Amino acid sequence: MYSAFLIYNVDMIIEKLKEQKNFTDAEINIANYLMKNGFEIKNMSISDLAKATFSSPASITRLCYKLDAKGYKEFRIRFNQEYENYTKEGNIDVNKPFQKEDSFEKIAKNLQKMRNDTIGRIASGYNYPSLNRIVHRLHEADMINIIAVGTSVYIALDFQLKMLHYGKVVNVTQNTSFLPGYCFLSTKKSVNFIISKSGETKEIVECLKILKSRNQYCVAITSNSYNTVARMSNEIIDVHTEEDNSYYEKIDSFAAYDGFHYVLDCLYAFLVRLDYDKNVERLKENAYTINKNKK
């Protein structure tokens with residue numbers, strides 16, 4: 001009977017806390033605290049909540065009755081269920097995914113949702129015929145160059161390590177003066193990844209011009225298909241995150257970092273999948289040899 005009651009009243013508590021209809025000033029204060037610090041409530045007694053909201057257990061109990069709960073215990077159970085769903089439904093601002101008043105748990109939940117939303121958006125926009133062509137070129141490649149600057153370099157270094165385990169050499173550098181050299185080393189069998197969120201970074205565009213003058217194969221990993229990097233590349237992997245390019249408008253590159261990392265992880269996984277048994281066995285053999293030589 002009780003579980004059926006919970007299912008029937010889905011989201012009623014949250015809606016009433018947002019509407020605050022016929023609430024006293026004390027109850028409005030409690031409601032605002034609950035909506036801002038919802039993830040903390042599951043660990044709070046009625047006395048804890050009263051102290052945090054500068055109210056009293058009696059005021060909280062009266063509010064519970066207004067919310068159609070028989071008491072604080074029932075309220076806390078229902079509120080926790082509803083608040084979890086409520087936070088999942090809302091959109092996260094990728095430029096400012098948390099605010100100064102957010103609890104650590106709310107920040108963690110926001111970043112989790114933002115990451116899931118970012119990955120879901122990228123995966124739903126994948127052009128699999130294009131990815132298939134890219135992965136087969138990777139399989140046959142004599143060299144893989146990654147043309148990137150800033151944060152993208154650190155993501156590329158992780159990909160470089162994975163590819164070394166696989167058995168492919170990937171050129172990545174934090175020194176932009178080396179990038180033109182990689183462009184001149186590229187051959188007809190090489191794959192050149194051009195990673196740029198804006199697609200307009202001066203050093204990257206200059207390198208891409210060198211590559212195109214030599215008719216080299218280039219794959220753009222960028223935020224849209226209309227920027228300079230995308231237009232000049234042979235293939236495009238769209239990493240659209242709605243994140244601003246300027247650090248004046250955002251806290252940091254959370255969504256873009258997750259998006260680029262996800263794309264490179266997918267490419268590595270697709271490559272291993274081409275000859276799964278053989279590749280997994282080689283990875284095991286390499287790991288065994290490394291561990292054996294450590295002794």
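Which residue in β2 does I144 stand opposite? I began with this pairing, keeping in mind that I was reading a predicted model, and found that I144 has V170 across from it in β2.

**Strand β1 and its partners.** I then looked up the pairing around that contact: β1, residues 144-147, and β2, residues 170-171, run in the parallel sense and are joined over two bridges. Following the chain from β1, I passed through helix α9, residues 151-166, before arriving at β2, and I noted this β-α-β crossover as right-handed. I also checked β3, residues 191-196, which pairs with β1 in the parallel sense over four bridges, and there I recorded F193 as the bridge partner of I146.

**Faces of β1.** In a regular strand, side chains alternate between the two faces of the sheet. With that in mind I looked at each side of β1 and found both covered, since I144 and I146 are buried on one side, while N145 and I147 are buried on the other.

**Helix α7.** I turned next to α7, which holds 21 residues, 104-124, and whose first and last C-alpha atoms lie 30 Å apart, close to the 30 Å expected at 1.5 Å a residue. Which residues of α7 are buried? I listed K106, I107, N110, K113, M114, T118 and I122. Looking down the axis of α7, I noted that these buried residues fall within an arc of 160 degrees, so they line one face of the helix. An α-helix has 3.6 residues a turn, so residues three or four places apart point the same way. On the other side of α7 I entered F104 and S124 as exposed.

Terms used
Residues are numbered from 1 along each chain as its sequence is written. This is a predicted model: local features need pLDDT of at least 70, side-chain atom pairs count only at pLDDT 80 or more; totals for chains, interfaces and linings use all residues. Side-chain values use heavy atoms; hydrogens and water are left out. The expected span of a helix is 1.5 Å times one less than its number of residues. Buried means under 20% relative accessible area, exposed over 50%, partly exposed in between (1.4 Å probe, protein chains only). The arc is that of the directions from the helix axis to the C-beta atoms. Two strands pair if DSSP finds at least two bridges between them. A crossover is right-handed if, with the strands pointing away from the viewer, the path from the first strand over the helix to the second runs clockwise.
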